[in-house]
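Below is a set of questions and answers on one protein structure. Each answer works towards the value or name asked for.

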Amino acid sequence: MTVLLTGGTGYIGSHTATALSEAGHEVILLDNFCNSHRAILERLEKIVGKSVPCIEGDVRDTALVKRTLQEYGVEVVIHLAGLKAVGESVKTPLNYYENNVHGTLSLLRAMDEADVNNMIFSSSATVYGDPQYLPIDEDHPLAPTNPYGRTKLYIEQILEDHVRANDNIKVVNLRYFNPVGSHSSALLGEDPRGIPNNLMPFMARVASGELKELSVFGDDYPTMDGTGVRDYIHVVDLAEGHVAALEFLPRSTGFETFNLGTGSGFSVLQVIQSYEVACGKKIPYQIVKRRPGDIASCYTDPNKANAVLKWKANRSLSEMCLSSWDFQRRLN
Ligand code: NAD
Ligand code: UD1
């Protein structure tokens with residue numbers, strides 16, 4: 001199939017483009033580079049062994065997106081473009097609603113005008129908010145606790161309404177848990193601008209010596225060792241989940257949601273231990289107070305995705321840490 005990836009040069013987009021291309025699909029990328037670099041394209045092309053069309057532009061530019069869809073004969077859009085930093089979304093909520101929600105509306109208009117009826121959407125486990133039970137299945141109540149999470153929830157609702165009103169539109173809504181790690185070539189990976197907010201990229205920079213020590217946000221949670229537990233998923237598994245979602249589209253009847261995670265939770269201390277093995281050195285860390293807004297534990301029930309998409313996240317925590325470290329080393 002011919003697939004347009006909005007946000008295609010980002011962390012998850014670049015891995016997904018690789019997996020789709022390896023599975024025989026044609027990919028076209030559209031990105032405004034607000035959180036990625038053009039250099040990614042060259043690396044991606046090196047991995048897939050052919051040139052990949054990449055349009056520089058914003059999803060809010062309806063006319064440009066429409067032209068792109070028509071010019072390339074796009075059949076499916078994977079909509080990854082969006083802003084994703086929770087803390088930033090609290091400080092500048094309008095930017096988040098403008099970029100994420102308005103961006104999606106503009107994209108949907110362009111798709112309508114170009115008669116493109118299939119979308120895979122990048123949502124997040126953050127839409128569930130504080131877990132009321134574990135593991136979290138797709139029927140868990142939705143109650144995001146910050147503007148970023150609310151943009152994802154509102155977009156999901158817009159997409160659901162759009163599908164309900166149009167028999168020919170299909171949307172696969174993917175709620176990612178905690179994507180980490182890098183492509184095996186070490187050419188693609190997560191390289192956030194400034195000081196990383198998330199655990200694994202922060203730890204990678206501590207391991208490389210760029211940052212002095214890791215702060216562990218709280219050791220008094222009701223978990224196995226008191227530190228926060230998350231469902232880390234290897235980004236290549238996640239990318240393969242998009243290939244499975246694409247193959248599911250013809251069987252889908254309308255709007256379908258899937259959680260993408262492994263179903264296993266690991267604590268911060270367990271991740272540190274595994275990273276130390278991967279990089280062969282100690283990660284200096286200090287226990288500090290809880291980060292506001294954090295929850296104790298979060299992991300998925302992967303059964304629906306496993307059964308319906310016929311996809312499973314197989315890569316281990318150790319592979320996640322090793323690949324993250326390989327990528328980090330190449331950067332330094
Ligand atoms: P990323 O920032 O690396 O990638 C997003 C890409 O979208 C970037 O390349 C950015 O330049 C581009 N972009 C942003 N706004 C745009 C716009 N208006 N027009 C065109 N391009 C635009 O982030 P990522 O980690 O690859 O995340 C991809 C998607 O997955 C996002 O929608 C994010 O909310 C969602 N998600 C990510 C995570 C995670 O932990 N990384 C977890 C759950 C959901
Ligand atoms: C965060 C976002 C979530 C987003 C996800 C993307 C918040 C509150 N939530 O989730 O919306 O979808 O990233 O992957 O920002 N930790 C430390 N020290 C650090 C960083 C993190 O101890 O320097 C701990 C956290 O307390 C948590 C775990 O590591 O227990 C994972 O944190 P992180 O990688 O930031 O992901 P989430 O908080 O799950």
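Q: In which strand is the place of Val172?
A: This is a predicted model, in which local features need pLDDT of at least 70 and side-chain atom pairs count only at pLDDT 80 or more, while totals for chains, interfaces and linings use all residues. Residues are numbered from 1 along each chain as its sequence is written, chains are lettered from A and ligands numbered from 1 in the order in which they are written, and side-chain values use heavy atoms, leaving out hydrogens and water. Helices (H or I, at least four residues) and strands (E, at least two) are DSSP runs, numbered from the N terminus. Residues 170-176 form the strand that holds Val172, namely β6.

Q: Is Val172 buried or exposed?
A: Buried means under 20% relative accessible area, exposed over 50%, and partly exposed in between, with a 1.4 Å probe and protein chains only. Val172 has 0% relative accessibility, so Val172 counts as buried.

Q: Which residues is Val172 in contact with, leaving aside its neighbours within four places in sequence?
A: Contact means heavy atoms within 4.5 Å. With those neighbours left aside, Val172 is in contact with Met119, Ile120, Phe121, Ala245, Phe248, Leu249, Glu256 and Phe258.

Q: What distance separates the closest N and O atoms of Lys66 and Glu113?
A: A salt bridge is a side-chain nitrogen of Lys or Arg within 4 Å of a carboxyl oxygen of Asp or Glu, and the structure holds 17 of them. Lys66 lies in helix α3 (residues 62-72) and Glu113 in helix α5 (residues 93-114), so this salt bridge ties together parts that are 47 residues apart in sequence. Lys66 at 26% and Glu113 at 46% relative accessibility each count as partly exposed. The closest N and O atoms of the pair are separated by 3.6 Å.

Q: Why are Glu160 and Arg164 separated by about one helical turn?
A: Glu160 and Arg164 form a salt bridge, with 3.7 Å between the closest N and O atoms. Glu160 is partly exposed at 33%, whereas Arg164 is exposed at 60%. The separation is about one helical turn because the two are four residues apart in helix α6 (residues 147-165).

Q: Which residue forms a salt bridge with Arg315?
A: The closest N and O atoms of this salt bridge are 2.6 Å apart. Arg315 lies in the loop between α10 (303-309) and α11 (317-331), and its partner in helix α8 (residues 235-248), so the pair ties together parts that are 78 residues apart in sequence. Arg315 counts as partly exposed at 24%, while the partner counts as buried at 1%. That partner is Asp237.

Q: At roughly what angle do the axes of helix α9 and α11 cross?
A: Axes are lines fitted to C-alpha atoms, for helices over the stretch in contact, and angles run from 0 to 180 degrees between N-to-C directions. The axes of α9 (residues 268-279) and α11 come within 8 Å. They cross at roughly 55°.

Q: Which residues does a cis peptide bond join?
A: Most residues other than glycine have a negative phi, and most peptide bonds are trans. In this cis bond, omega is about -10°. The bond joins Leu134 and Pro135.

Q: What is the phi of Ala186?
A: Ala186 is found in the loop between β7 (178-180) and α7 (199-207). The residue is buried, with a relative accessible area of 10%. Although Ala186 is not a glycine, its phi is positive, about 65°.
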